[in-house]
Amino acid sequence: GCEFEGDWNSDRYKEDFHMSYPLKPGQRVSLESFNGSVEVMGWEKDEVDISGVKYASSKDYLDQVKVNVAASPDAVRIRAERPEARNWRGSMGVKFVIRVPHRTELERVESTNGAIRVEATEGAARLKSTNGAIRVSRLKGNLDASSTNGGIEVTGAVGDVRVQTTNGSIRADDVRGGLDAGTTNGGIRVRVVDSEGKTVRARTTNGSVALQMPAGLKAEFRASTSNASITSDFEVSGTKEKRRWEGTINGGGALVDLSTSNGSIRLEKL
């Protein structure tokens with residue numbers, strides 16, 4: 001797990017918690033937390049298991065940090081709450097480890113000042129972190145993930161992938177579906193095994209873009225950069241300029257759109 005953020009004695013006081021709620025496959029889970037990492041993993045049981053630790057720089061602050069859960073037959077909603085700003089000084093936060101039925105929609109998982117990790121779930125996932133990385137593996141379902149000041153890594157995604165960050169890199173491997181990836185001040189490297197005839201788009205500033213796609217790719221190709229080279233393992237029929245390349249690959253198809261400033265662009269064959 002990730003280390004807690006905060007001052008040198010922010011975790012002087014800790015308190016573990018654990019609770020579980022029944023939830024049938026195909027239902028929804030949401031979480032809102034702060035100052036701590038979040039891990040969500042799929043498992044075989046028809047229940048949501050919630051464990052973790054609260055931490056604070058004083059016993060009084062620790063007592064004011066609450067983990068509230070609203071459970072119903074079709075959803076489990078988890079929220080970490082802290083006292084109003086005027087009532088506290090110092091650091092506090094919550095770290096979560098959550099297990100859900102494999103087939104669960106992650107309606108909203110959000111952490112402020114904490115990393116998010118999701119593994120082995122089936123269903124749409126909407127993730128948001130500030131000042132923390134996002135890592136997703138073995139997801140079957142559309143992904144919408146955004147971060148600030150943190151990288152995003154995706155491995156083994158079946159479904160459309162939309163990822164957006166600032167001041168961080170994007171890495172995605174074994175993607176099967178459409179892709180929309182964007183960042184600033186970071187590179188992008190993606191391997192799309194099967195785009196299913198959908199748009200693949202990657203854009204950044206101050207970083208390079210590298211995209212791998214199957215040899216049988218049929219696409220409309222667009223690539224532009226302001227200050228580097230553009231290369232392709234595929235034959236592109238169209239117009240190539242020093243900083244811009246447009247054309248078709250294998251007769252055309254869905255759009256492949258790559259752009260950056262101050263970085264190279266590479267389209268590679270798998």
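At 45% relative accessibility, Glu196 counts as partly exposed, a class that lies between buried (under 20% relative accessible area) and exposed (over 50%), with a 1.4 Å probe and protein chains only. Glu196 lies in the loop between S17 and strand S18 (200-203), where strands (E, at least two residues) and helices (H or I, at least four) are DSSP runs numbered from the N terminus. Glu196 is not a glycine, yet its phi is positive, about 55°. Most residues other than glycine have a negative phi.

Before going further, a word on the model. This is a predicted model in which local features need pLDDT of at least 70 and side-chain atom pairs count only at pLDDT 80 or more, while totals for chains, interfaces and linings use all residues. Residues are numbered from 1 along each chain as its sequence is written, and side-chain values use heavy atoms, with hydrogens and water left out.

**Around strand S17**

Let us stay with Glu196 and look at a neighbour. The backbone nitrogen of Glu196 is reached by the side chain of Asp194 at 2.8 Å. This is a polar contact, meaning a pair of N or O atoms within 3.5 Å; within protein, one must be able to donate a hydrogen and the other to accept it, and residues adjacent in sequence count only if both atoms are side-chain atoms. Asp194 itself belongs to strand S17 (residues 188-194) and is partly exposed, with a relative accessible area of 38%. Setting aside neighbours within four places in sequence, Asp194 is in contact with Val175, Arg176 and Gly177, contact being heavy atoms within 4.5 Å. From Asp194 to Ala181, 13 residues apart along the chain, the C-alpha separation is 16 Å.

On the other side of S17, in the loop between strand S16 (179-182) and S17, sits Asn185. Asn185 also has a positive phi, about 60°, without being a glycine. Its relative accessible area of 41% makes Asn185 partly exposed.

**The overall picture**

Which secondary structure does the protein contain? There is one helix, together with 25 strands. The C-alpha atoms fill a box of roughly 65 × 40 × 25 Å, taken along the principal axes. Of the 270 residues, 48% count as buried. Among contacts between residues at least 6 apart in sequence, 51% join residues at least 24 apart.

**Parallel strands**

Several strands can be followed through their pairings, where two strands pair if DSSP finds at least two bridges between them. The table gathers four of these pairs.

| Strand pair | Sense and bridges | Partner residues |
|---|---|---|
| S10 (residues 125-130) and S12 | parallel, six bridges | Thr130 and Thr148 |
| S12 and S14 (residues 161-166) | parallel, six bridges | Ser146 and Gln164 |
| S11 (residues 134-140) and S13 (residues 152-158) | parallel, six bridges | Val136 and Val154 |
| S13 and S15 (residues 170-176) | parallel, six bridges | Thr155 and Asp173 |

S12 is thus paired with S10 and with S14. How do the side chains along strand S12 (residues 143-148) point? They alternate: Leu143, Ala145 and Ser147 are buried on one face, while Asp144, Ser146 and Thr148 point to the other and are not buried.

**Thr225 and Ala215**

Thr225 lies in strand S20 (residues 219-225). Its relative accessibility is 5%, so Thr225 counts as buried. A polar atom of the Thr225 side chain lies 2.8 Å from the backbone oxygen of Gly263. Beyond four places in sequence, the contacts of Thr225 are Ile230, Arg243, Thr260, Ser261, Asn262, Gly263 and Ile265.

Ala215 is found in the loop between strand S19 (209-213) and S20. With a relative accessible area of 46%, Ala215 is partly exposed. Not counting residues up to four places away in sequence, Ala215 touches Phe234, Asn250 and Lys269. Ala215 and Thr248, 33 residues apart along the chain, have C-alpha atoms separated by 14 Å.

**The largest pocket**

Finally, the largest pocket has a volume of about 150 Å³. Of the 15 residues lining this pocket, the closest to its centre are Ser195, Gly197, Met213, Leu217 and Lys218. On a 1 Å grid over the protein atoms alone, a pocket is an open set of points where a 1.4 Å probe fits, with protein on both sides within 12 Å along at least five of seven lines, and lining residues have an atom within 4 Å of a point. The volume is the space filled by probe spheres set on the points, which are joined across faces, edges and corners.

Strand S24 (residues 254-260) gives the largest share of the lining, three residues. By class, the lining has eight nonpolar, three polar and four charged residues; Ala, Val, Leu, Ile, Met, Phe, Trp, Tyr, Cys and Pro count as nonpolar, Asp, Glu, Lys and Arg as charged, and the others, Gly among them, as polar.
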